[in-house]
Amino acid sequence: WEGESHFGGWCSGSLACVYTSSPEVCQRSGCRWLPAARPVNMTAEREMDLQGARDSARAARAADDAARAASPCQGGGGVFENPWCKYIPMQAQCMLTPGCNFQ
């Protein structure tokens with residue numbers, strides 16, 4: 001916490017002050033706005049969130065590609081192909097799963 005705020009401060013006072021996110025609304029509610037000691041840079045935080053999501057998507061895609069390359073259980077390649085075939089480790093399970101072929 002240490003004085004960080006995504007809104008640049010917080011509203012202090014009665015219960016009407018809770019969840020008030022701007023100085024204007026805070027003052028209209030009869031409350032007192034306290035500026036944050038360390039306001040959070042929301043643009044930088046959103047950019048970091050976006051980069052984290054991109055990194056996660058890349059890692060998931062790499063894991064998916066690795067599973068497809070290493071698995072003897074694959075889909076048939078048609079419209080009814082089961083996308084989960086590559087995660088089935090056993091031949092019997094693969095052969096009994098609709099849309100999967102053991103190679």
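Two salt bridges turn up when the whole of this predicted model is searched. Side chains of opposite charge can pair when their charged atoms come close. One of the two bridges is formed by Asp55 and Arg58, whose closest N and O atoms are 3.1 Å apart. Both partners sit in helix H2, which runs over residues 42–70, and a spacing of three residues places them about one turn of the helix apart. Asp55 has a relative accessibility of 39% and therefore counts as partly exposed, while Arg58, at 52%, counts as exposed.

The salt bridge between Lys86 and Asp64 has an N to O distance of 3.2 Å. This pair connects distant parts of the chain, since Asp64 belongs to helix H2 and Lys86 to the loop between E5 and H3, 22 residues away in sequence. Lys86 is the buried partner here, because its relative accessibility is 9%, under the 20% limit for a buried residue. Asp64 has a relative accessible area of 24% and so is partly exposed.

Turning to the covalent links, the same kind of search across the whole structure gives four disulfides. With the bonded cysteines of the protein numbered in sequence order, the pairing reads 1-3, 2-4, 5-7, 6-8. Three of these links are worth a walk-through.

Cys17 and Cys31 are joined with an S to S distance of 1.8 Å. The torsion about their S-S bond is about -90°, which means that this disulfide is left-handed. Cys17 lies in the loop between E2 and H1, and Cys31 in the loop between H1 and E3, so the bond ties together parts that are 14 residues apart in sequence. Both cysteines are buried.

In the disulfide of Cys73 and Cys94, the sulfur atoms are 2.0 Å apart. Here the torsion about the S-S bond is about 90°, so the link is right-handed. Because Cys73 is part of strand E5 (residues 73–75) and Cys94 part of helix H3 (residues 91–96), the pair ties a strand to a helix across 21 residues of sequence. Cys73 and Cys94 are each buried.

Cys85 and Cys100 are also bonded, with 1.9 Å from S to S. This link is left-handed, with -90° about the S-S bond. The two residues come from distant parts of the chain: Cys85 is in the loop between E5 and H3, Cys100 is in strand E6 (residues 100–102), and 15 residues separate them. Burial applies to this pair as well, to Cys85 and to Cys100. The loop between E5 and H3 thus holds both Cys85 and the salt-bridged Lys86.

Among the strands, E2 pairs with E3 (residues 32–35) in the antiparallel sense, over four bridges. Within this pairing, Trp33 of E3 is the bridge partner of Cys11. The two faces of E2 are unlike in their cover: Gly9 and Cys11 make up the covered face, whereas Trp10 and Ser12 make up the uncovered one.

Beyond E2 (9–12), in the loop leading to helix H1 (23–28), lies Tyr19. The relative accessible area of Tyr19 is 83%, so this residue is exposed. Tyr19 joins Leu15 and Val18 in a nonpolar patch on the surface, and together the three residues have about 450 Å² of accessible area. That same loop between E2 and H1 also contains Cys17, which, in contrast to the exposed Tyr19, is buried.

How values were computed
Residues numbered from 1 in each chain as written. Predicted model: local features only at pLDDT ≥ 70, side-chain atom pairs only at ≥ 80, totals over all residues. Heavy atoms only, no water. Patch = residues over 30% accessible without salt bridge, like charges linked within 9 Å, V, L, I, M, F, W, Y side chains within 5 Å. Areas by Shrake-Rupley, 256 points an atom, 1.4 Å probe, with all protein chains shown as cover. Salt bridge = Lys/Arg side-chain N within 4 Å of Asp/Glu carboxyl O. Buried < 20%, exposed > 50% of the residue type's maximum accessible area, 1.4 Å probe, protein only. Pairing = 2+ DSSP bridges. Disulfide = S-S within 2.5 Å.
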